[in-house]
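Reader: I'm new to reading structures, so please pick one small part and look at it closely with me. After that, please show me what lies around it.

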Amino acid sequence: MIIYGTALLAACHLLGIFLGDLLGQFLGVKTNVGGVGIAMLLLIFARLFLAKRNLLPKLTEMGVEYWGAMYIPVVVAMAAQQDMVSALRGGPVAILAALAAVSLCACVIAAINRTEKPEALPNQAKDAQGNPLLAEAE
Amino acid sequence: MLEILQKAAAGNGLVTAFAVVGLVVLLAGQISRRLTFGRVHGSAIAIVIGLGLAYWGGSQTGSHKGLADMSLFGGIGLMGGAMLRDFAIVATAFEVQVTEAKRAGLIGAVALLLGTVLPFIVGAAIAWSFGYTDAVSMSTIGAGAVTYIVGPVTGAAIGASPDVMALSIATGLLKAILVMVGTPMAARFLALKTPRSAMVFGGLAGTVSGVSAGLAATDRKLVPYGALVATFHTGLGCLMGPSVLFFATKALMG
């Protein structure tokens with residue numbers, strides 16, 4: 001049943017947010033610490049666990065994959081509700097600070113990524129477990 | 001007629017949002033194919049259209065949630081809000097290859113730390129050069145350069161003034177927008193090709209919204225790897241901003 005997949009996703013999401021809040025409280029911060037990241041790890045482990053026991057039929061997978069495929073549209077909707085007006089109203093301090101921070105980080109990313117050995121490439125070819133619902137999504 | 005249609009759209013917000021976003025994505029795909037001959041990713045164009053609509057909506061209503069503040073497009077707020085965004089991000093984890101993620105675990109953590117400290121230093125230094133020489137303002141603007149959530153959280157914790165807070169949020173928002181729009185253009189320079197490189201990017205570029213949109217517009221397959229790291233960004237920033245980073249700034253500025 002397709003709902004099993006979506007329910008599994010929802011359970012991982014909720015548990016992850018809960019653990020992230022707990023971690024935040026434990027660390028004394030007023031915010032969630034990595035809740036979504038924890039949820040992602042939970043889902044990865046759940047998939048491995050269920051697949052090993054043959055408990056993951058195609059239809060259940062589709063219940064998760066649909067939402068993974070909805071990701072880009074959701075991001076477009078997210079973009080459409082950014083506070084562009086106040087972002088652009090921030091003036092030179094905000095613009096310079098943002099630009100400088102992004103440029104510096106871009107250079108560091110470029111530097112770190114150039115240290116990676118190119119042996120990772122053949123791995124992408126045998127990437128058999130992509131989301132089938134993304135075939136059209138470029 | 002028009003009134004009834006409007007009422008139907010406003011009363012079914014989320015459904016309207018699906019239709020509107022579908023239209024935007026369709027339009028973006030056509031622009032990508034016809035005008036740029038596939039050189040610019042359809043998703044990148046869709047995100048830029050989204051940001052343009054956000055500007056239009058924001059300047060029409062004068063509030064802070066872009067298009068989502070217009071009653072007709074209220075559903076956009078739900079569809080692109082934190083709940084469904086995080087739900088979709090978590091769902092992408094289903095495609096993660098564990099061996100790939102493991103290989104980049106350590107470098108991802110290093111990138112995360114650098115991605116918090118470096119923007120903070122840059123932001124604080126620029127704040128200082130513009131005359132915000134007290135440790136509280138410097139830290140708040142520096143934290144804003146980490147993400148737009150870390151900024152106000154830090155500012156509230158150390159008692160920054162409202163205008164500095166606004167500046168800090170604006171800095172973070174601009175950073176997110178720059179990452180969204182700039183990533184597909186800079187993808188080659190950033191060497192964004194592999195899961196490992198996406199995790200480094202997720203740690204250093206910061207802001208879930210910037211990273212998730214930037215990667216979506218570059219290569220959808222890389223999204224889960226970048227997001228996995230980036231979602232720890234805000235937490236780490238909120239942890240370090242009002243504590244270690246603020247104390248270091250205070251010690252330095254006296």
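Author: A:Asn54 is exposed, because only 7 other C-beta atoms lie within 10 Å of its own. A residue counts as exposed with 12 or fewer such neighbours, as buried with 20 or more, and as partly exposed in between, with C-beta atoms placed from the backbone. Before we go on, note that this is a predicted model: local features need pLDDT of at least 70, side-chain atom pairs count only at pLDDT 80 or more, and totals for chains, interfaces and linings use all residues. Residues are numbered from 1 along each chain as its sequence is written, while chains are lettered from A and ligands numbered from 1 in the order in which they are written.

Where does A:Asn54 sit? Its place is the loop between α2 and α3 of chain A. Helices here are DSSP runs (H or I, at least four residues), as strands are (E, at least two), numbered from the N terminus. The backbone of A:Asn54 has a positive phi of about 60 degrees, although A:Asn54 is not a glycine. Most residues other than glycine have a negative phi. Chain B offers another such case: B:Ala191, also not a glycine, has a positive phi of about 55 degrees. B:Ala191 lies in the loop between α10 (162-186) and α11 (195-205) of chain B, and it counts as partly exposed because it has 19 C-beta neighbours inside 10 Å.

Now step back from A:Asn54 to the helix just before it. α2(A) has 18 residues and reaches 26 Å from its first C-alpha to its last, close to the 26 Å expected at 1.5 Å a residue. That expected span is 1.5 Å times one less than the number of residues. Many residues of α2(A) are buried, including A:Gly35, A:Ile38, A:Leu42 and A:Arg47. What covers them? The cover includes α1 of chain A, together with α5 (82-92), α6 (98-103) and α13 of chain B.

That cover brings us to the meeting of the two chains. Here 72 residues of chain A are in contact with 91 residues of chain B, where contact means C-beta atoms, placed from the backbone, within 7 Å. On the chain A side, the elements giving two or more residues include α2 (35-52) and α3 (58-69), while the largest share, 18 residues, comes from α6(A). By class, this side of chain A has 47 nonpolar, 17 polar and 8 charged residues. Ala, Val, Leu, Ile, Met, Phe, Trp, Tyr, Cys and Pro count as nonpolar, Asp, Glu, Lys and Arg as charged, and the others, Gly among them, as polar.

Finally, meet the partner. Chain B has 14 helices and 0 strands, and 61% of its 254 residues are buried. Its C-alpha trace spans about 65 × 45 × 30 Å along the principal axes. One loop to find is the one between α12 (208-216) and α13 (223-230) of chain B, the place of B:Lys221. B:Lys221 is partly exposed, because 18 other C-beta atoms lie within 10 Å. The C-alpha atoms of B:Lys221 and B:Val25 are separated by 18 Å, and these residues are 196 residues apart along the chain.

Key:
Two residues are in contact if their C-beta atoms, placed from the backbone, lie within 7 Å.
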